[in-house]
Amino acid sequence: MSHYQKPPELYDGLRLHQNENTGGCSPRVLEALAKLRPDQIGFYPPYAAATAAVATYLGVAADRVTLTNGLDEGLMALAIAYLRPSVGGPVFESIVPEPAFEIFRFDTSVAGGRLVQVMPRPDFSVPLDEILAAITSNTRIVFLTNPNNPTGVSMPLEAIRTVAREAPPEAIVFVDEAYAEFARESFIPDLAAFPNVIVGRTFSKAFGLAGLRIGCLVGAPDRMDAVRQAIPVYSVNIAAVAAIQAALTDLDYLRDYLREVDESKALLYAACDRLGLKYWQSRSNFVLVSAGERLDALVEGALARGIYIRDRSTEPGCAGCARVGTGLVTHTRQFIAVMEEVLCAAR
Ligand code: PMP
């Protein structure tokens, strides 16, 4: 069991290692924060308006949305609700197709569950048969991510439906959609037909709100009850409540960022082609690049020049790989210049 290593807190330099929006949030968010009144800060936060705004954005009824202190909190609550063993009972299992967001492993362990890893294929296409074969009567969560982190590769919605049909009735199929805006695709319209699926969303990435910690879970109210009980009361603070409502009024800001991400990915692919580096077509705001034996030179060379990228070489199927954030074009160009300099020197 590998435990989550908190990355160092780096506020200087260019952060391309945590898939954040390096352009930050919409100016409307700052205006909303500046307008918070003393009484709003003095009182525990109300959630109805923010929940309604998120539900409208996602196209679902408000009783299907649970706001969380970042999607990370939702993931931990889900693990506690569905994997915590009862005294004398079986050990419950989570299935994680690898490579995946490392928090799935961490939360499974914290909740007292058993991790069942499904190993990847070389092209990172969905190992559907292997996922289905890993399901047992003790499976309680199948963690799927679309598009995936760290690969950026998307999972066909039909594969998610197949897993949802095959999972035992007590289990939740969790679809992590932290990067759904970039893929312009979601399982949410399918939720009515698949009450055993819970979708997770975050406003840390496309909306640039990572510092305020706001995400949500979306699903059938009765399947979410146990999860809601595992979320500390008032865990989403008033700044996040104000921020999400303001951010959702500025979808032009989102559209501009999505355009930057698309252009950034095209630029990075072209640079990788020039340098003979392998990469995977990403539906997200980052790209997994295989630098092979030049990985250390790339990661350390970028660091020496103030650019942080994420070494993912110890993740299953990712030997020699780094994950690079592809947000604002100006930042991507900075990274590409450094990559060309460092790798040409390392030849
Ligand atoms: N799921 C995935 C796949 C992620 O990559 C992340 C963020 N790194 C999260 C969840 C957590 O997002 P949040 O900032 O909302 O906690």
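Me: Helices are DSSP runs of H or I with at least four residues and strands are runs of E with at least two, numbered from the N terminus; with that in mind, where is Tyr234?

Reply: Tyr234 sits in the loop between α9 (221–229) and α10 (238–247). Please note that this is a predicted model, in which local features need pLDDT of at least 70, side-chain atom pairs count only at pLDDT 80 or more, and totals for chains, interfaces and linings use all residues. Residues are numbered from 1 along each chain as its sequence is written, and side-chain values use heavy atoms, leaving out hydrogens and water.

Me: Why is Tyr234 called partly exposed?

Reply: Buried means under 20% relative accessible area and exposed means over 50%, with partly exposed in between (1.4 Å probe, protein chains only). Tyr234 has 40% relative accessibility, so the residue counts as partly exposed.

Me: What makes Tyr44, Val233 and Tyr234 a nonpolar patch?

Reply: A patch takes residues with over 30% relative accessible area and no salt bridge; nonpolar side chains (Val, Leu, Ile, Met, Phe, Trp, Tyr) are joined within 5 Å, like charges within 9 Å. Tyr44, Val233 and Tyr234 form such a patch on the surface, with about 390 Å² of accessible area together (Shrake-Rupley method, 1.4 Å probe, only the protein chains shown counting as cover).

Me: How do you know that Arg184 forms a salt bridge with Asp262?

Reply: The term asks for a side-chain nitrogen of Lys or Arg within 4 Å of a carboxyl oxygen of Asp or Glu. The closest N and O atoms of Arg184 and Asp262 are 3.0 Å apart, so the pair meets the cut-off of 4 Å.

Me: What else can be said of Arg184, and why is this residue called exposed?

Reply: Arg184 has a relative accessible area of 51%, so the residue is exposed. Arg184 lies in the loop between α8 (180–183) and β7 (197–202), and has a positive phi of about 55° although it is not a glycine.

Me: Why is Phe124 called buried?

Reply: Phe124 has a relative accessible area of 9%, so the label is buried. Phe124 is in the loop between β4 and α6 (128–134), and also has a positive phi, of about 60°, without being a glycine.

Me: Which residues of helix α5 are buried?

Reply: In α5 (residues 103–110), they are Ile103, Phe104, Arg105, Asp107 and Thr108. Their cover includes α4 (70–83), β3 (93–97), β4 (114–118), β5 (139–145) and β6 (172–176), where contact means heavy atoms within 4.5 Å. Just after α5, Gly112 takes a positive phi of about 85°.

Me: Where is Pro99, and what is its peptide bond like?

Reply: Pro99 is in the loop between β3 and α5. The peptide bond from Glu98 to Pro99 is cis, with omega near -5°.

Me: How is the chain divided into domains?

Reply: There is domain 1 (8–24 + 252–346) and domain 2 (27–247), with bounds from an automatic or database domain assignment. The contact takes 26 residues from domain 1 and 32 residues from domain 2.

Me: What is buried between domain 1 and domain 2?

Reply: Buried area is the accessible area (1.4 Å probe) that two parts lose on being put together, summed over both. For domain 1 and domain 2 this is about 2,200 Å², 56% of it on carbon and sulfur atoms. Leu254, Arg283 and Pro316 supply 29% of the area that domain 1 buries against domain 2, more than any other three residues.
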